[in-house]
Amino acid sequence: MSRTDRTSRNRPSDEGIGTTSDLSVVEAALRALRSGAPDDLTPRTLVEVGLADSWDLVDTPAGLVVVAWNGRGVAVVDLAGDHDAMERRHLATTGRPLAPASPLPSPWRRAIERRLAGDRRARVPLDLRGRTTFERSVWEKALEIPAGEVRPYGWVAAEIGHPRAVRAVGSALGHNPVPLVVPCHRVVRSDGTIGEYSLGGASVKRRLLTAEGVDLDELEILTRRGIRYVGSATTRIYCLPTCRHARRIAAANRVPFRTTHEGETAGYRACRDCRPRAAA
Amino acid sequence: MDDSELVDRLAADLDSAFGDLVAGHQDRLYSIAMRVLGDRADAEEVAQDAMVRAYRALAGYPSQRTRELRLRPWLAAIVVNVARNRRRRLSDRQPPLRLVLRDGEEQGRWGRERSAEMAAIDRIDRAGWAELLATLPDRYRVPLVLRYVDDLSYAEMAEALGRPEGTLKAQVHRGLVRLRDAWAARERREETA
């Protein structure tokens, strides 16, 4: 009688396995307990160590966006659209394959939502491997700009200690892989026009800034009149026009300045929050 | 690719070779976790966690140390430790033997590669054996899983578990006897039922 017959449970008999002392039957049964790993074990593991990125959708003021992430942090924010194109773009920009979608870790999602709502302190871990220190310093600086305010490119350049690198700053902001999470839309041209935006163009940038409370029309009017700073006759402090302190100045006390020099000779000092001299 | 070539590639460029480690070892690590823990979802998390730990360890190793690794016992040791820690955590919160005993995954990838002997074993009640295995104490179950489910040699098991080969042989033998007797007792119960 073969081993199979003896171990078959489909065949009731008084010759079940209990009647044998053959341990090889047990050995064979144990070998049969090997299993194949579930299909998602590979992508999940590679995403966790940061060798592939998963993705999730997040609703934002700029529309529905794809947030690509791995165990190290959020890597890319991109407009939701054609999946194949997105995969190709992702591989080209990060060098990593795009794994199937899976939910963002919930603390990260909450932090992203808080940041989109204007809370700069919400900590979103970012995976920016392969980016230069210059690019990172530009993006970190952009993170300091509060919602509802804007800064000129030159301000960012001066603040990171490269006052002449205005173009490079513009290029780094254009290559920001995580727009919205790093609010590069809050950096505008010093002539008061809005400038480019990688996530859907200037119209999206305008919509985002307006939703945050920036009065772009007023800003453009001021710039056209050559006014780049606003002082308060009561505090004797001058600011960039969108600084939260500038917006609180009552109309009767607002003093316009064309240059920082004009403000300083009038006896005003620079605001310590918006640091207008960096935009000079 | 065999493991000696793989460790050289891991030592040279971890990020480009790690995918091959996952492809080559995930089935066995999942199988070990599955039979130590008895639950598919737990097993998948533990297998993933074990490979993530392996990646982080390799990232910190000097390349010479990586090249000298024997991947099979090294990875087995990691997955057994992760599984044990998880079980300890679970048993703090939950009644013991929360093991889900029927895995219901008879059509796994291994099924397609079975030898004639394995094909014959197909008629064995896998879920029934898995259930009995799950009721064994750890000191028998873990060596049995490494020896038969994972097919490690006693030398590799000694390396993975840090126990002498003689001890492991005795534990495996006692484990086999226990399983055989438990199976027999169960057959008798079913016949008298």
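In which loop of chain A does L180(A) lie? In this predicted model, L180(A) is placed in the loop that runs between α8 (166–174) and β5 (187–188) of chain A. The points below take up an open sheet of 3 strands in chain A, the helix that packs on that sheet, the surroundings of V47(A) in helix α3, and two residues, L180(A) and R275(A), that have a positive phi although neither is a glycine.

**The sheet and its helix**

- The open sheet has 3 strands in the order β1-β2-β3 of chain A, and the pairing is antiparallel.
- Its edges are formed by β1 (54–60) and β3 (73–79) of chain A, each of which pairs on one side only, and neighbouring strands of this sheet are turned against each other by 30° on average, with direction ignored.
- Strand β2 (residues 63–70) of chain A is joined to β3(A) by 6 bridges, the two strands running antiparallel, and V66(A) stands opposite D78(A), a residue of β3(A).
- Helix α4 (residues 83–94) of chain A packs on the sheet and touches β2 and β3 of chain A, while its direction makes about 135° with that of β3(A).
- As background to this arrangement, the strands of a sheet pair through backbone hydrogen bonds, which may be either parallel or antiparallel.

**V47(A) and its surroundings**

- V47(A) belongs to helix α3 (residues 41–49) of chain A, and V47(A) counts as buried because it has 26 C-beta neighbours inside 10 Å, where 20 or more are required.
- When its neighbours within four places in sequence are left aside, V47(A) is in contact with A52(A), D53(A), S54(A), N70(A), G71(A) and A99(A).
- Among these contacts is G71(A), which is 24 residues from V47(A) in sequence, whereas the C-alpha atoms of V47(A) and G71(A) are 6.0 Å apart in space.

**Two non-glycine residues with positive phi**

- L180(A) has a positive phi of about 75° although it is not a glycine, and this loop residue is classed as buried because 20 other C-beta atoms lie within 10 Å, the cut-off being 20 or more.
- R275(A) likewise is not a glycine and has a positive phi, here of about 45°, and R275(A) is found in the segment after β9 (269–270) of chain A.
- R275(A) counts as partly exposed because it has 17 C-beta neighbours inside 10 Å, a number that falls between the limit for exposed residues, 12 or fewer, and that for buried ones, 20 or more.

Conventions
Residues numbered from 1 in each chain as written. Chains lettered and ligands numbered in written order. Predicted model: local features only at pLDDT ≥ 70, side-chain atom pairs only at ≥ 80, totals over all residues. Pairing = 2+ DSSP bridges. Helix = DSSP H or I, 4+ residues; strand = E, 2+ residues; numbered from the N terminus. Axes fitted to C-alpha atoms, helices over the stretch in contact; angles between N-to-C directions. Contact = placed C-beta atoms within 7 Å.
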